[in-house]
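Morning, everyone. Please have a look at the model on the screen. I'll be quick.

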Protein chains: 2
Amino acid sequence: MTSAQEWAALYRRELLDNVVPFWETYGIDRQCGGFLTCLDRQGRPWSTDKYMWLQGRAVWMFARLHRQLDAGRGWLDLATRGAAFLRAHGRDPATGRVYFSLTRDGRPIHLQRKIYSEVFYVLALCEMARATGREEYLAEARDVFWLIYDLWRHPEKLGRPMLSGAPRGSSLADPMVFLCMIEELSPIDTDPRYAELADEMTRVALRHVRRDRQLVLEHVGPDGETFDTPKGRLINPGHAIEMGWFLIHLAQRTGRRDLMATALEIIDWSFRAGWDTEFGGLYYFLDADGRPCTQLEANMKLWWPATEALYALALAWRVTGDDRWLDLHRKNHDWAWQHFRDPEFGEWFGYLDRRGEPTHQLKGGEWKGFFHLPRALLYLVLLLES
Amino acid sequence: MTSAQEWAALYRRELLDNVVPFWETYGIDRQCGGFLTCLDRQGRPWSTDKYMWLQGRAVWMFARLHRQLDAGRGWLDLATRGAAFLRAHGRDPATGRVYFSLTRDGRPIHLQRKIYSEVFYVLALCEMARATGREEYLAEARDVFWLIYDLWRHPEKLGRPMLSGAPRGSSLADPMVFLCMIEELSPIDTDPRYAELADEMTRVALRHVRRDRQLVLEHVGPDGETFDTPKGRLINPGHAIEMGWFLIHLAQRTGRRDLMATALEIIDWSFRAGWDTEFGGLYYFLDADGRPCTQLEANMKLWWPATEALYALALAWRVTGDDRWLDLHRKNHDWAWQHFRDPEFGEWFGYLDRRGEPTHQLKGGEWKGFFHLPRALLYLVLLLES
């Protein structure tokens with residue numbers, strides 16, 4: 001039986017020897033600022049476009065590593081330069097909205113009709129505020145946070161026509177990103193509205209939970225109704241598992257025992273439903289009724305559900321003390337270590353087919369950057385060393 | 001050695017016994033009009049939403065089968081009722097644009113910032129005009145055709161912000177859909193602009209061809225420049241093969257020998273570049289320089305590149321008389337027949353992993369309907385019986 005200390009040492013080594021050096025070596029754009037995330041197996045860039053979800057996430061990650069792991073490795077400097085690029089080029093001057101992608105030198109390519117570019121901008125600046133103590137970061141993070149809230153309340157402002165047949169309702173990602181932002185903002189910004197909003201978003205998130213069916217739906221109606229459509233039946237096990245550990249953190253902060261129990265159930269159901277008993281690994285998408293999925297990548301195995309489960313299962317083990325969780329953790333850990341990890345060139349592969357063979361050799365792209373894997377490893381180190 | 005007559009008989013049986021009955025039985029919405037395309041392996045609907053690309057394509061296909069194969073099977077009636085649904089619900093009254101998707105009863109769900117919903121609407125009504133001789137279909141097809149041309153010339157009218165870093169240029173799909181629409185419209189609508197436009201679109205399409213590298217790029221700059229970006233390096237072998245047979249048809253109509261030679265080269269290069277020599281089948285996407293593809297489905301095997309190659313290789317064989325093409329045709333045919341075809345429940349699977357195993361059991365969805373497979377089979381029958 002591996003002890004918590006041995007697990008912690010393993011994850012610390014992985015973070016410091018196999019993951020962070022890859023991004024420090026290949027992922028910093030020392031010429032134009034910001035980060036290069038489209039990196040091939042060896043770390044060579046295959047695109048220099050800058051995806052703002054990943055730019056914001058990398059700033060957050062480097063600043064967080066500085067604050068929570070080691071202030072002596074120059075990580076804050078990398079984060080600060082990334083934040084400067086974000087702030088110089090990231091927002092549409094007319095509306096304050098955050099672009100989805102930029103050219104290498106910061107010219108805007110694309111603006112999504114979604115709120116998530118703004119979300120990672122807030123997380124980046126909020127962590128910069130925590131790491132540096134500088135008020136200007138917090139002030140801008142706060143501004144963008146309320147812009148996001150306004151866009152969420154008035155989605156017509158995102159510019160998507162509101163057609164009469166389009167289903168109204170709630171996407172799980174929305175309450176999750178609010179809970180995530182509030183977890184980051186509330187320790188440094190005293191505003192009673194955060195606690196109220198966390199309650200509201202928790203209620204919204206829990207409307208996605210189907211206790212009788214032991215599952216979490218990605219999309220439900222405005223009052224939590226189930227839609228018998230592909231969107232309404234969609235399950236994303238990795239996403240639900242991520243929500244599980246968000247809710248454990250919230251339960252720890254608020255002392256809500258009911259929330260802790262629900263969070264543990266969500267992780268348990270979602271891991272079991274998502275696990276491929278034939279080839280191992282977590283499916284990316286499932287249909288709640290076993291009907292076809294529209295997503296072509298549905299039965300692929302992606303790195304981020306694996307890393308979310310890595311942290312969530314270890315966290316569940318530590319908060320319950322029940323070794324049943326450790327067994328699940330070990331199963332997920334062993335499969336992920338064997339299939340995603342690249343001992344030859346560092347970092348992890350992102351995209352495997354159902355059998356666990358890489359469909360892509362890339363280490364980073366439009367969606368995979370310096371975030372899910374190092375975040376899980378950092379959180380695991382902090383959890384298991386404590 | 002199989003003769004042309006034997007091939008023709010095989011494809012006729014496949015069309016009439018294995019493909020058309022599946023859609024006649026499961027794909028007609030006799031309650032609300034239009035077609036159900038989201039069908040599982042057995043033909044049961046897994047969504048009732050109506051995707052306008054596929055609604056227009058199904059109208060075109062049934063009307064075409066009536067006109068070119070058999071007028072005695074009720075196909076024109078199915079097409080006519082489909083066209084009535086399209087015309088009743090398909091267009092935004094304010095702008096004339098065609099929606100991307102509707103609810104089962106015809107309420108709009110989504111409007112794309114692309115021209116392709118309009119394209120398949122034009123093809124549907126144009127074929128209805130040819131099949132019925134009714135002027136009203138042609139008049140509306142003509143109107144929407146010039147609306148598409150205007151949107152292509154003035155893409156800002158599609159509503160996508162034209163940001164300063166977004167690459168300008170040409171997508172191969174655009175000249176291809178114009179060539180396709182002109183192929184359909186010009187036999188029944190005497191307008192000298194079609195021939196001029198066909199010349200213009202042929203020039204635009206040929207700017208995507210890289211003779212020195214023996215490949216066709218999906219995206220090039222306004223003057224045909226190559227972009228060293230993932231989008232600029234993207235190859236879609238099935239799409240290039242489809243362009244190949246479009247150009248053979250155009251060369252046959254215009255007597256242009258240079259175009260015929262280029263078309264044959266495009267099919268040859270694209271089939272050889274796209275063929276997976278390890279597992280067989282055509283890759284969905286490739287990067288021209290072997291760099292990573294952004295598309296998660298890049299190494300999957302889809303039904304439609306296989307069916308485009310089925311017709312293109314047989315056509316190349318017939319126009320050249322060279323049995324080298326027949327060898328390629330047989331290779332593609334055998335793999336497709338073995339892996340895509342479902343002898344148990346009819347029709348073909350749409351989505352296989354690289355090894356050729358179905359990742360999805362569905363027979364139809366948002367993108368797969370009554371079009372690529374029956375079109376290829378009809379064209380093969382007409383080609384090989386002649």
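I'll go through the symmetry, then the sheets, then the helix packing.

A reminder before we start: this is a predicted model.

Symmetry, then. How does chain A map onto chain B? A turn of 180° with a shift of 0.0 Å along the axis lays chain A on chain B, and the RMSD is 0.0 Å. That is the relation of a two-fold axis. The contact surface follows suit: both copies use the same surface, and 100% of the contact residues of chain A recur in chain B. Which residue of chain A comes closest to the rotation axis? A:Glu297 does, with its C-alpha at 3.3 Å.

Next, the sheets. Start with chain A. Three strands make an open sheet there, ordered β1-β2-β3, and the pairing is antiparallel. Which strands stand at the edges? In chain A they are β1, residues 50–51, and β3, residues 108–110. Each has a single partner strand, so one side of each has no neighbour in the sheet. Strand β2 of chain A covers residues 101–102, and 2 bridges join β2 to β3(A). One pairing to look at: A:Leu102 has A:Pro108 in β3(A) as its bridge partner.

Now chain B. Its open sheet has 3 strands in the order β1-β2-β3, paired antiparallel. At the edges stand β1 (50–51) and β3 (108–110) of chain B, each with a single partner strand. Strand β2 of chain B, residues 101–102, is joined to β3(B) by 2 bridges. B:Leu102 takes B:Pro108 as its bridge partner in β3(B).

On to helices. Two packed helices are described by the angle between their axes and the distance between the axes. I have three pairs for you.

Pair one is in chain B. Helix α3, residues 75–89, packs on helix α4, residues 116–132, at about 135°, with the axes 11 Å apart. Why oblique, and not roughly antiparallel? Roughly antiparallel needs an angle over 145 degrees, so α3(B) and α4(B) count as oblique. The crossing of α3(B) past α4(B) is left-handed. On the α3(B) side, the contact includes B:Leu76, B:Ala79 and B:Ala83. On the α4(B) side, B:Tyr121, B:Leu125 and B:Met128 are among the residues. By class, the α3(B)–α4(B) contact has 9 nonpolar, 2 polar and 1 charged.

Pair two is in chain A. Helix α6, residues 173–185, meets helix α8, residues 237–254, at about 40°, and their axes are 11 Å apart. Again, that makes α6(A) and α8(A) oblique to each other. This crossing is left-handed. A:Met176, A:Leu179 and A:Cys180 are among the α6(A) residues in the contact, and α8(A) brings residues including A:Met243, A:Phe246 and A:Leu250. The count for α6(A) with α8(A) is 8 nonpolar, 2 polar and 3 charged residues.

Pair three stays with α6(A). Its partner here is helix α4 of chain A, residues 116–132; the two axes come within 9 Å and cross at roughly 15°. Parallel or antiparallel? Roughly parallel, for α4(A) and α6(A). α4(A) passes α6(A) in a left-handed crossing. From α4(A), the contact includes A:Val119, A:Glu127 and A:Arg130; from α6(A), it includes A:Asp174, A:Val177 and A:Glu184. By class, α4(A) with α6(A) gives 10 nonpolar, no polar and 5 charged residues.

That's the tour. Thanks for listening.

Methods:
Residues numbered from 1 in each chain as written. Chains lettered and ligands numbered in written order. Predicted model: local features only at pLDDT ≥ 70, side-chain atom pairs only at ≥ 80, totals over all residues. Heavy atoms only, no water. Least-squares fit on C-alpha atoms with pLDDT ≥ 70 in both. Contact = heavy atoms within 4.5 Å. Pairing = 2+ DSSP bridges. Helix = DSSP H or I, 4+ residues; strand = E, 2+ residues; numbered from the N terminus. Axes fitted to C-alpha atoms, helices over the stretch in contact; angles between N-to-C directions. Parallel < 35°, antiparallel > 145°, perpendicular 65-115°, else oblique. Left-handed = near helix turned anticlockwise from the far one by under 90°. Nonpolar A, V, L, I, M, F, W, Y, C, P; charged D, E, K, R; others polar.
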